[in-house]
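Biologist: Please show me the model, and then let us go through its pockets and one of its strands.

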Amino acid sequence: MQSIRAYAYAKINLTLDVLGKRPDGYHEMDMILQSVSLCDELVLTKAETQGISLSCDRKEIPCDERNLAYQAADLLFRELDERDFGVSIELKKNIPEQAGMAGGSADAAAVLVGINELFSYGLTEEELCKLGERLGADVPFCIQGGTMRVRGFGERLTSLPDFPKLPIAIAKPREGMSTAQAFEKIDSCKLVHPPVQQVEDFLRTGDIPTAGLYCGNVFMQVTEIEDVFSFCRYFHTHQAIFSMMTGSGTAVFAVFEQDHPAKMCVKGLIDAGERAYLCYPVKQGVELIREEDAR
């Protein structure tokens, strides 16, 4: 049977601002996102029977309509009025949950891109992004990936020059926070807004250390999770260029100039029983490999 393997890359926020709540209930965002090599892995296979079958290597992950990967397949088939086709999706989770790294959105993006390729539907990237908007604010970015400034509720994307291939260390606190909880806190606080345009300007010149001085995440102003700040301090004492929380939390990333200190940081955290990852910037949100399923 025909299969496609999809690598769904996580994202980090190089900077993140929330400008307020819109009349439609969404929040107006202004942020710079970067795809990183930490990824979930999916295998999509044409099924002999109609419908969607989803399995996951993590028992606590729902494999029905509650899962964004399932929702993405269902949305695409319904939008194209495809009633005679089915797909089997095998999902291996590597991106931590409640981390601010768009794990669910990355999976949804990979399903949209993968099914479009597997069934030769011929939808453009723009059309896939329009569908992705209906699934979540991060899905359009996860479809395209790379380095981008993202505005609106996630639908206005502007490509930026590729981020240098510098090592990025990531640490995930044990405690998580849902996106809904994070935005509730944001709505009740007076925020100090990071200068997103200045970050973009320095990124365009390749001056990463100066860009890092201006990077900020407004969600760090409302989080009460002490590990977020202790991980930032840990990275800074080990030669990180800059470090902060990504998304609405709670994962913390740090950009380094050299591999060795980044690797030692990750090793030290893992040896201490923490969840930590070493990754690098990537230029796409989804990578596909077509393969013949020997089963």
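**Pockets and a central question of burial**

Modeller: This is a predicted model. In the lining of the second largest pocket, α1 gives the most, with four residues.

Biologist: Which class supplies five residues to the lining of the second largest pocket?

Modeller: The lining includes Asp-74, Arg-78 and Glu-82. By class, four of the lining residues are nonpolar and two are polar. The class with five is charged.

Biologist: What volume does the largest pocket have, and which element gives the most to its lining?

Modeller: The volume of the largest pocket is about 1,100 Å³. Of its 44 lining residues, the closest to the centre are Leu-68, Ala-102, Ser-105, Asp-138 and Thr-179. The elements that give two or more residues are β1, β2, α2 and α5. With four residues, the element that gives the most is α2.

Biologist: Is strand β7 buried or exposed?

Modeller: Side chains in a regular strand alternate between the two faces of the sheet. On one side of β7 lie Ile-168, Ile-170 and Lys-172, and on the other Ala-169 and Ala-171. Both faces are covered, and five of the five residues in β7 are buried.

Biologist: Which residues are the bridge partners of Ile-168 in β9 and β10?

Modeller: β7 runs antiparallel to β9, with four bridges joining them. β7 also pairs with β10 in the antiparallel sense, over five bridges. For Ile-168, the partner in β9 is Val-255, and the partner in β10 is Cys-279.

Methods: Residues are numbered from 1 along each chain as its sequence is written. This is a predicted model: local features need pLDDT of at least 70, side-chain atom pairs count only at pLDDT 80 or more; totals for chains, interfaces and linings use all residues. Side-chain values use heavy atoms; hydrogens and water are left out. Buried means under 20% relative accessible area, exposed over 50%, partly exposed in between (1.4 Å probe, protein chains only). Two strands pair if DSSP finds at least two bridges between them. On a 1 Å grid over the protein atoms alone, a cavity is a set of points where a 1.4 Å probe fits but cannot get out, and a pocket is an open set with protein on both sides within 12 Å along at least five of seven lines; lining residues have an atom within 4 Å of a point. Grid points are joined across faces, edges and corners, and a volume is the space filled by probe spheres set on the points. Ala, Val, Leu, Ile, Met, Phe, Trp, Tyr, Cys and Pro count as nonpolar, Asp, Glu, Lys and Arg as charged, and the others, Gly among them, as polar.
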